[in-house]
Amino acid sequence: MALSAKLMMRQGQSLVMTPQLLQAIKLLQFSNMELTAFVEEELERNPLLERGDEAPEPQPLAGETNFPLDGASPDLFPGDRPEQTALDGSFNEAGEADWSSSALAVDRGALEQSLGTELGNAFDDDRSAPCATEFPDSAAGLSATSWNGSSGGAADGEAANLEAYAASPVHLKDHLEEQLALATADPVDRIIGQTLIDSIDDAGYYADALEEAAARLDAPLDRVERVLKLIQSFEPSGVGARDLAECLAIQLREKDRFDPAMQALVANLPLLAKRDFAALRKICGVDDEDLADMAAEIRRLDPKPGRAFGGGAIQPLVPDVIVRAAPGGDWHVELNTEVLPRILVNNSYAARVSKGQTNDVDKSFMSSCLQTANWLTKSLEQRARTILKVSSEIVRQQDGFFRHGVEHLRPLNLKTIAEAIGMHESTVSRVTSNKYMATPRGLFELKYFFTASIASNNGGDAHSAESVRFRIRHMIEQERPNDILSDDAIVAKLKEINIDIARRTVAKYRESLKIRSSVERRREKAYMY
């Protein structure tokens with residue numbers, strides 16, 4: 001068979017992911033924080049984009065009361081004031097003269113009766129009036145400028161910067177370094193201590209191996225261990241420990257409570273976690289009352305001493321969608337405008353720049369910027385409409401949850417929402433990731449409303465997995481000390497309310513809720529009661 005080259009034409013269709021389409025998909029799955037950061041980058045990169053939230057200062061409406069800037073407010077309730085301010089701004093001359101005089105005519109007997117003591121006990125009679133040298137004229141009166149100047153605010157009428165008064169957060173590393181500088185003057189020990197402090201995590205534990213640290217520093221292992229013991233004596237108590245047992249032992253030694261019985265208890269913390277009190281009594285050699293006191297003292301200790309200093313800044317969750325009850329029993333779904341970026345395309349600036357362009361490179365750049373800006377605004381608008389459409393359908397499908405609670409949460413999947421709003425499942429999946437909804441029942445991720453289905457006994461409506469978890473937790477919380485529910489007993493109770501579920505599924509849900517087994521709960525409650 002001879003090989004030859006040919007030129008052929010073929011007609012076909014294919015889906016091509018353009019850069020604009022990729023950007024729209026990426027915007028759809030962004031969280032509000034990621035979207036804000038992306039928009040900030042675009043504002044810096046594109047000269048045709050500008051913020052849309054820079055509104056002009058509001059002007060006073062007709063009939064609106066204007067308060068003067070000097071702090072004097074008008075008389076809204078004239079009858080409440082014994083002395084009225086004149087319309088031209090002049091004050092009561094008699095009152096002003098009385099207060100500026102060096103002595104005030106007061107009824108000494110009435111004042112002593114109101115104070116409940118002699119006037120000399122409350123005021124220093126020998127105290128003379130302040131002289132001019134003690135208080136200069138600029139400080140004799142109280143004015144807005146004097147307060148602003150003394151409180152760190154600007155003297156031109158701007159508000160004081162309250163952040164200037166806030167103390168900077170103290171980090172655990174800085175706190176330990178300050179104590180290390182006071183605890184030892186040996187430069188070698190300070191270098192070793194600095195290296196060890198760098199390996200302490202936010203919880204306060206030493207997260208490295210001493211052998212590796214000694215090898216890096218080319219220092220004897222016993223000297224490194226000695227410096228670590230020094231760090232373990234710092235505040236907070238328990239810092240620098242290598243495991244939980246050592247952390248608790250350090251705190252107990254400082255309280256002078258690390259006796260042999262307590263040493264045995266700390267060495268067998270897994271048994272304490274399992275509530276195996278019978279084995280602990282035998283190991284520690286104590287009775288039930290002493291073991292209860294020892295366990296209570298262990299619970300009062302701090303297993304993570306470094307958390308008092310915090311790690312990084314905690315970013316609160318901000319909802320993307322807000323659901324409110326509307327009149328007539330309906331639900332009002334709206335987007336949270338505080339997290340929606342407001343950007344505009346400055347077409348007038350683009351037109352002015354285009355008129356003076358003579359270079360093809362500049363024309364291409366401005367055309368690309370204008371196209372990118374228009375596409376970004378359209379993508380943001382489309383993103384907002386899609387989130388609102390998906391959220392509204394979720395609220396419609398889960399109406400029972402919003403009215404009655406978790407027990408009425410229905411089974412729901414992405415396909416149901418996608419078919420209802422005429423979109424693809426992948427689009428719904430991107431919309432519901434990292435998005436949150438504020439409801440009268442709390443703040444929930446949109447993924448929370450999508451749960452698996454659990455069949456019913458009598459062929460009725462299926463139950464959602466989340467509602468079954470809620471029922472399991474409620475049953476265990478209501479169990480009596482002498483009637484602990486096993487997994488089989490929970491299965492039987494769920495079948496009584498037409499929920500068909502296997503025992504292993506109950507065990508899986510119980511473990512996901514961090515609830516111990518029936519054996520451990522029976523030991524704990526028998527010990528408590």
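**Salt bridges and aromatic pairs in the predicted model**

The side chains of Arg 216 and Asp 208 form a salt bridge, with N and O 3.2 Å apart. The model is a predicted one. Asp 208 has a relative accessible area of 23% and is therefore partly exposed, since the buried class ends at 20%.

The Arg 216 contact belongs to a wider set of charged pairs. In total, 21 salt bridges were counted. Another joins Asp 259 to Arg 257, at an N to O distance of 3.0 Å. Both of its residues were assessed for exposure. Asp 259 shows 31% relative accessibility and is partly exposed. Arg 257 is also partly exposed, with a value of 27%. A further salt bridge connects Arg 480 with Asp 483. Here the closest N and O atoms are 3.3 Å apart. Asp 483 has a relative accessible area of 35%, so this residue is partly exposed. Shared partners also tie some salt bridges together. Asp 487, Asp 488, Arg 503 and Arg 510 are joined in this way into one network.

Aromatic contacts were examined next. The structure contains 10 aromatic pairs. One of them is formed by Trp 331 and Phe 402, whose ring centres lie 5.6 Å apart. The planes of these two rings meet at 50°, so the pair is tilted. This angle falls short of edge-to-face because that class requires over 60 degrees. The Trp 331 and Phe 402 pair links distant parts of the chain, with the two positions 71 residues apart in numbering. Trp 331 lies in strand β3, which covers residues 331-335. Phe 402 lies in helix α18, which covers residues 399-404. Phe 402 is buried, with a relative accessible area of 4%.

A second geometry appears at Tyr 448 and Phe 449. Their ring centres are 5.7 Å apart. Their planes stand at 80°, so the pair is edge-to-face. Phe 449 has a relative accessible area of 0% and is therefore buried. The two pairs described here belong to one cluster. Ring pairs connect Trp 331, Phe 401, Phe 402, Phe 444, Tyr 448 and Phe 449 within it.

A charged side chain also meets an aromatic ring. Arg 469 sits over the face of Tyr 509. The distance to the ring centre is 4.5 Å.

Definitions and conventions:
Residues numbered from 1 in each chain as written. Predicted model: local features only at pLDDT ≥ 70, side-chain atom pairs only at ≥ 80, totals over all residues. Heavy atoms only, no water. Salt bridge = Lys/Arg side-chain N within 4 Å of Asp/Glu carboxyl O. Buried < 20%, exposed > 50% of the residue type's maximum accessible area, 1.4 Å probe, protein only. Phe/Tyr/Trp six-rings, centres within 6.5 Å; stacked < 30°, edge-to-face > 60°. Helix = DSSP H or I, 4+ residues; strand = E, 2+ residues; numbered from the N terminus. Lys NZ or Arg CZ within 6 Å of the ring centre and 35° of its normal.
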